[in-house]
Amino acid sequence: MSLTPKQITLITSSFKKVEPISLKAAEIFYDTLFSYDPTLKPLFKGDMKQQGRKLMAMIHAAVNSLDSPENLAPVLKQLAQRHVSYGVKTTHFTPVCNALLHTLKIGLGDEFTPEVRDAWSTMLHFVSDVMKAEMAA
C-alpha cells in the first residue's frame, strides 16, 4: 500500500470523528449501498445492526493497521474467502467503496476534503485489490 504518513494521519483522524456515530454511519452506508445497487440487498440476511457493527469493526481494524499493511493483508484474504461463500462478486467492490466514501462525506461534512477523500480512496483500493485477488485465486 502506498499511503503517505500524511494520508495515514488523515484517515486515522477522520475515522476517529466518524467512529462515535458508527451505528448511524453503518446505517447510512447500507442505505446508500442498496440505493446504488439494490441487487446486493439479498446478500445481507442477518440483523443489519449487527452487520453494521461488524463493518465498523473491520474498518477500525484496517485503519489501525495502516502502518503495517503486511499484517492487514492476511486478514483481508480471510475476509475475502468468507465473502465468496456469501455470494459476493468482485464487481460488488465498486458500489461498496463508493457507498463508503459517500458515508464518510455525510459523516465528516466539510472536513471530507479532497485530500481526505484521496487518502481513503487509496486505502480502499488496497483493500479491494487484496480481496479481489484472493477471490479470483
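Reader: Let's start with Y30: is Y30 buried or exposed?

Author: In this predicted model, Y30 counts as buried, because its relative accessibility is 5% and the cut-off for buried is under 20%.

Reader: And which aromatic residue does Y30 pair with, and in what geometry?

Author: Y30 forms an aromatic pair with F29, and the arrangement is edge-to-face, with 4.8 Å centre to centre and 80 degrees between the planes. F29 is also buried, with a relative accessible area of 3%.

Reader: Which residues make up the ring cluster there?

Author: The cluster that ring pairs link together consists of F29, Y30, F34 and F44. As for the overall tally, the count of aromatic pairs comes to 5.

Reader: Let's turn to pockets. How much space lies in the largest pocket, and which residues are closest to its centre?

Author: The largest pocket holds about 900 Å³ of space, and of the 33 residues that line it, Y30, Q51, L55, L79 and H83 are the closest to its centre.

Reader: Which helices contribute to that lining, and which gives the most?

Author: At least two residues of the lining come from each of α2, α3, α4 (69-86), α5 and α6, and the helix that gives the most is α3, with 8 residues.

Reader: How does the lining of the largest pocket divide by class?

Author: The lining of the largest pocket has 23 nonpolar residues, together with 6 polar and 4 charged ones.

Reader: What about the second largest pocket: how much space, and which residues line it?

Author: About 230 Å³ of space lies in the second largest pocket, and its lining includes Y30, F34 and F44 from the ring cluster, as well as L23, K24, A26, E27, D31, K41, M48, K49 and G52.

Reader: Which helix gives the most there, and what is the split by class?

Author: For the second largest pocket, α2 gives the most, with 7 residues, while α2 and α3 each supply at least two. The class split of this lining is 6 nonpolar, 1 polar and 5 charged residues.

Reader: Moving to enclosed space, how many cavities of 30 Å³ or more are there, and what lines the largest?

Author: The count comes to 1 cavity of 30 Å³ or more, and the largest cavity holds about 60 Å³ of space. Its lining is made up of F15, V18, A25, F29, L55, M56, I59, L100, T103, L104 and W120, so F29 appears both in this lining and in the ring cluster.

Reader: Which helices supply that lining, and how does it divide by class?

Author: At least two lining residues come from each of α1 (5-18), α2 (22-36), α3 (48-64) and α5 (93-108), and the lining divides into 10 nonpolar residues, 1 polar residue and no charged ones.

Reader: How many residues has the largest nonpolar core, and which have the most contacts inside it?

Author: The largest nonpolar core has 30 residues, and those with the most contacts inside it are I11, I59, W120 and M123. Helices α1, α2, α3, α5 and α6 (114-136) each supply at least two residues of this core. A second, separate core has 13 residues, among them A62, L72, L79 and A80.

Reader: You mentioned W120; how far apart are L101 and W120?

Author: L101 and W120 are 7.5 Å apart in space, C-alpha to C-alpha, with their positions 19 residues apart in sequence. L101 is in helix α5, and L101 counts as buried because its relative accessible area is 8%, where the cut-off is under 20%.

Reader: Where is Q7, and how far is Q7 from R117?

Author: Q7 is found in helix α1 and is buried, with a relative accessible area of 16%. Q7 and R117 are 110 residues apart in sequence, and their C-alpha atoms are 9.7 Å apart in space.

Reader: Then Q78: which helix is it in, and how far is Q78 from F112?

Author: Q78 lies in helix α4 and counts as partly exposed, at 49% relative accessibility. The C-alpha atoms of Q78 and F112 are separated by 30 Å, although these residues are 34 apart along the chain.

Reader: Last topic: what does the UniProt annotation say about residues 2-136?

Author: The unreviewed UniProt entry carries the annotation "domain: Globin" for residues 2-136. In the model that span is 76% helix and 0% strand, and its end C-alpha atoms lie 23 Å apart.

Note on methods: Residues numbered from 1 in each chain as written. Predicted model: local features only at pLDDT ≥ 70, side-chain atom pairs only at ≥ 80, totals over all residues. Heavy atoms only, no water. 1 Å grid on protein atoms, 1.4 Å probe; cavity = no way out; pocket = protein on both sides within 12 Å on 5 of 7 lines; lining within 4 Å. Points joined across faces, edges and corners; volume = space filled by probe spheres on them. Helix = DSSP H or I, 4+ residues; strand = E, 2+ residues; numbered from the N terminus. Nonpolar A, V, L, I, M, F, W, Y, C, P; charged D, E, K, R; others polar. Core = buried A, V, L, I, M, F, W, Y, C linked by side-chain atoms within 4.5 Å. Buried < 20%, exposed > 50% of the residue type's maximum accessible area, 1.4 Å probe, protein only. Phe/Tyr/Trp six-rings, centres within 6.5 Å; stacked < 30°, edge-to-face > 60°. UniProt positions renumbered as here; feature names shortened; annotations may be inferred.
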